[in-house]
Amino acid sequence: MSSSREFVSRTPVQGGATDQLRRSNLSNVLGLVHREGPLSRAELTRLTGLNRSTVGDLVAELAELGLVYEALPTTGNVPGRPSPIVHAQSGVVAIAINPEVDAIHVGLVGMSGRVLAKVRLEAATAPTPADVVRLASAAIAGLLSGREASLRVVGIGVAVPGQVRVSDGTVREATHMGWAEEPLSRMLSEATTFPAWAANAANLAMRAESVFGAGKGVDDFVYFIGGASGIGGGAVTGGRLLSGAAGYAGEFGHSFVRSRGTRCSCGATGCLEAEVTQAGLLEAVGLAPAEAGLLGSRLASSRDPGVRALISEQLDLLAIAVRTAVNLFNPTLVVLGGFLSDLYDAGGREGDALLSDAIRSAREDVRIEGAASASDQLLIGCGELVFSELIADPASLLLH
Ligand SMILES: [Zn+2]
């Protein structure tokens with residue numbers, strides 16, 4: 001829980017001191033219900049350190065805003081009056097958009113971090129920002145159609161495979177997409193009238209992993225995620241997401257892994273993402289880009305010596321980047337997401353070699369874990385981007 005707190009937005013809260021305190025308490029209670037799932041009033045009282053009547057008032061205000069509801073527990077034989085359970089309102093949703101070189105993923109994510117619905121829009125070539133706005137707007141209309149009465153959209157979160165200036169959602173550079181200096185959040189907001197935020201895709205997947213996945217409660221971990229548009233990543237150290245000066249830190253995809261290697265989209269050669277690719281693995285097992293969901297099972301079951309050799313070679317290259325990350329950040333956990341998880345699983349015992357060249361003291365007690373599907377993780381991360389704004393100041397965001 002300690003690590004996820006660091007991801008809460010720093011949107012300034014305005015108003016007098018009493019009002020500020022109330023808003024901060026509302027934020028705290030909503031954040032707990034969001035991250036931890038349904039909690040009793042008694043648990044909220046304990047976790048916030050506030051008194052019972054204050055928690056009761058805060059829950060009532062959040063319920064009035066339509067963000068939570070209370071229900072009596074259905075099971076258990078605890079003597080005395082049962083404490084009502086506070087749940088996040090399931091109809092409060094974020095729209096998630098993840099453009100990739102071969103498709104645009106659009107989804108609806110609930111406040112509990114569940115993907116409620118999603119579509120994959122095929123793209124023959126990398127979509128332009130204008131394509132993303134046009135196609136995603138139509139997909140959003142389709143996803144919301146017939147559900148307007150039961151859903152309340154907080155805003156749009158966009159996961160971009162590239163560098164994004166988080167302060168205004170401008171895509172500085174997304175080399176695989178061929179984008180530079182694109183005001184994507186503003187374009188989406190103007191087209192849909194929903195507020196929109198954008199951030200680096202790998203960082204958002206990592207946030208999802210940190211709040212709901214393998215990284216929950218882990219203060220030091222590194223994350224690698226591989227998809228159609230390359231490899232990204234990030235590091236949480238001492239419970240804080242390493243962002244760098246402007247939010248561009250954690251580009252493990254551009255770790256140098258091979259001398260005289262392939263030219264990378266960044267202009268350098270021998271980068272991890274130029275050497276270890278989803279497209280290469282899909283081709284080796286005869287799958288189309290849209291069938292990436294089948295990659296794990298195909299790789300694991302393949303007895304083709306060519307495929308086995310490719311798995312081995314790709315794991316060796318990945319091991320160089322993992323070794324560097326472990327030596328630099330001394331994590332307790334390495335999370336592999338997307339096709340890297342498929343690759344790791346397919347390698348079987350060879351996967352253990354990912355750590356074997358790290359310095360002994362740094363590799364002690366390091367676990368490697370595969371993350372959930374890359375596409376869901378990215379959509380949940382988009383939801384986190386939106387819900388962190390809502391949680392930072394629940395009352396004011398809903399007034400817009
Ligand atoms: Zn590169």
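Is Cys271 buried or exposed? Cys271 is buried, with a relative accessible area of 4%. Cys266 offers a contrast to look at: this cysteine is partly exposed, at a relative accessible area of 42%. Searching the whole structure turns up zero disulfides. Please keep in mind throughout that this is a predicted model.

## The chain as a whole

Welcome to the overall picture. The protein chain has 400 residues, and a compact globule of that length would have a radius of gyration near 21 Å; the value here is 22 Å, which agrees. Taken along the principal axes, the C-alpha atoms fill a box of roughly 65 × 50 × 40 Å. If you trace the secondary structure, you will meet 15 helices and 16 strands.

Buried residues account for 50% of the 400 in the chain. The accessible surface comes to about 17500 Å², and carbon and sulfur atoms hold 51% of that area. As for contacts, take those between residues at least 6 apart in sequence: 63% of them join residues at least 24 apart. The side chains include 32 positive and 41 negative ones, and the centres of these two sets lie 4 Å apart.

## An enclosed helix

Which residues of helix α12 are buried? They are Phe339, Leu340, Ser341, Asp342, Leu343, Tyr344, Ala346 and Gly347. Helix α12 covers residues 339-347, and because eight of its nine residues are buried, the helix is largely enclosed by the rest of the structure. Just after α12 comes Gly348, which takes a positive phi of about 55 degrees.

A little further along, Ala353 sits in the loop between α12 and α13. Ala353 counts as partly exposed, with 39% relative accessibility. Its C-alpha atom is 26 Å from that of Leu242, and the two residues are 111 apart in sequence.

## Two loop residues with positive phi

Most residues other than glycine have a negative phi. Here are two residues with a positive value. Arg260 has a phi near 50 degrees, and its place is the loop between β14 (240-241) and α8 (272-275). Arg260 is exposed, with a relative accessible area of 80%.

Asp365 has a phi near 60 degrees, also positive in a residue other than glycine. You can find Asp365 in the loop between α13 (360-363) and β16 (367-370). Asp365 is exposed as well, its relative accessible area being 72%.

## Residues in helices, a strand and a loop

What does Thr45 touch, leaving aside residues up to four places away in sequence? Its partners are Leu50, Asn51, Arg52 and Val55. Thr45 belongs to helix α3, which covers residues 41-48. With a relative accessibility of 15%, Thr45 falls under the 20% cut-off and therefore counts as buried.

Arg120 is part of strand β6, residues 115-122. Its relative accessible area is 30%, which makes Arg120 partly exposed. Not counting residues up to four places away in sequence, Arg120 touches Asp102, Ala103, Ile104 and His105, along with Pro289 and Ala290.

Gly142 lies in helix α5, residues 129-144, and is partly exposed at a relative accessible area of 49%. Gly213 has its place in the loop between α7 (201-212) and β12 (221-227). Gly213 is partly exposed too, with a relative accessible area of 26%.

The table below sets out C-alpha separations for three pairs.

| Pair | Separation along the chain | C-alpha to C-alpha distance |
|---|---|---|
| Gly142 and Val119 | 23 residues | 9.7 Å |
| Arg120 and Ala136 | 16 residues | 10.0 Å |
| Gly213 and Ser396 | 183 residues | 29 Å |

## Where to look again

When you return to the structure, helix α12 is a good place to begin, as the helix is largely enclosed by the rest of the structure. Then turn to Arg260, which is exposed, and to Asp365, which is exposed. You might finish with the two cysteines of the opening: Cys271 is buried, whereas Cys266 is partly exposed.

How values were computed. Residues numbered from 1 in each chain as written. Predicted model: local features only at pLDDT ≥ 70, side-chain atom pairs only at ≥ 80, totals over all residues. Heavy atoms only, no water. Helix = DSSP H or I, 4+ residues; strand = E, 2+ residues; numbered from the N terminus. Rg over C-alpha atoms; globule rule 2.2 N^0.38 Å. Buried < 20%, exposed > 50% of the residue type's maximum accessible area, 1.4 Å probe, protein only. Contact = heavy atoms within 4.5 Å. Areas by Shrake-Rupley, 256 points an atom, 1.4 Å probe, with all protein chains shown as cover. Lys, Arg positive; Asp, Glu negative; His and termini not counted. Charge placed at Lys NZ, Arg CZ, Asp CG, Glu CD. Disulfide = S-S within 2.5 Å.
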